[in-house]
Amino acid sequence: MTPEEIARLPYRPCVGVVLTNGEGRVFAGQRADMATPAWQMPQGGIDAGETPVEAALRELREETGVRKRHVTVLAETADWLPYDLPPEVLPYRGKYRGQTQKWVLMRLDAGDDVIDLTHEEVEFSDWRWMTGVELLSLIVPFKRPIYEAVLAEFGLT
């Protein structure tokens, strides 16, 4: 695709989940479809009729097994945050130039034993609690500005 064609593509509406534990650390998962280190927070598309919080709770359950009863929703980013995908992965599913995301901050109120990466969709092969700084050092470079903005807005850097 030409740069002009890419520029005409829309952004995919998406949500992201910043799941924290009682120590203020952030959940990060290693993408199951990547052989090299590729850590990220849960995220996914918004289905028709869903609010961003509803979509975030659904994505969290699908990707980690953590259910609504296990968390407290604390905040949502004030704005939608867009990012472009690198040219080598464009076009995303043939339709999008990138994603525009609302991020939802949640606190896990249950033990780590409720986290089950094989619950439904296997998105992650491994997970761990990280500081915001650790996560920023491991995120793929094209997502780093979004993660910096989200973690700063939620006071986690």
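Which residues does Q99 touch, not counting residues up to four places away in sequence? Keep that in mind while you get set up; the model you have open is a predicted one.

**Stop 1: strand 7**

Select residues 98-108, which make up strand 7. Ten of its eleven residues are buried, so this strand is largely enclosed by the rest of the structure.

Now bring in the neighbours. Show residues 11-20, which is strand 1: it runs parallel to strand 7, and ten bridges join the two. To see one place where they line up, pick V18 and look across to L105 in strand 7.

Next, add residues 71-76. This is strand 5, running antiparallel to strand 7 and joined to it by five bridges. Click on T72 and you'll find its bridge partner in strand 7, R107.

Then add residues 81-84 for strand 6, which pairs with strand 7 in the antiparallel sense over four bridges. Here L81 has Q101 as its bridge partner in strand 7.

**Stop 2: Q99**

Stay in strand 7 and select Q99. With a relative accessible area of 5%, Q99 falls under the 20% cut-off, so it counts as buried. Turn on side chains and look for two polar contacts. The Q99 side chain meets that of R12 at 3.0 Å, and it also meets the side chain of Y83, at 2.6 Å.

Back to the opening question: leaving out residues up to four places away in sequence, Q99 touches Y11, R12, C14, Q43, L81, P82 and Y83.

**Stop 3: M106**

Move along strand 7 to M106. Is M106 buried or exposed? Buried: its relative accessibility is 0%. Draw a distance from its C-alpha to that of V17 and you should get 7.2 Å, although the two are 89 residues apart along the chain.

For the surroundings of M106, again skipping residues up to four places away in sequence, show V17, V18, L19, T20, A56, L57, L60, V71, T72, V73 and L74, which it touches.

**Stop 4: helix 4**

Finally, jump to residues 144-153, helix 4, and colour I146, Y147, V150 and L151, which are buried. Look down the helix axis: these residues cover an arc of only 120 degrees, which puts them on the same side of helix 4. Why does such spacing work? An α-helix has 3.6 residues a turn, so residues three or four places apart point the same way.

Before you close the viewer, step just past the end of helix 4 to G155, which takes a positive phi of about 70 degrees.

Note on methods: Residues numbered from 1 in each chain as written. Predicted model: local features only at pLDDT ≥ 70, side-chain atom pairs only at ≥ 80, totals over all residues. Heavy atoms only, no water. Buried < 20%, exposed > 50% of the residue type's maximum accessible area, 1.4 Å probe, protein only. Arc of directions from axis to C-beta. Pairing = 2+ DSSP bridges. Polar contact = N/O pair within 3.5 Å; in protein donor to acceptor, adjacent residues only side chain to side chain. Contact = heavy atoms within 4.5 Å.
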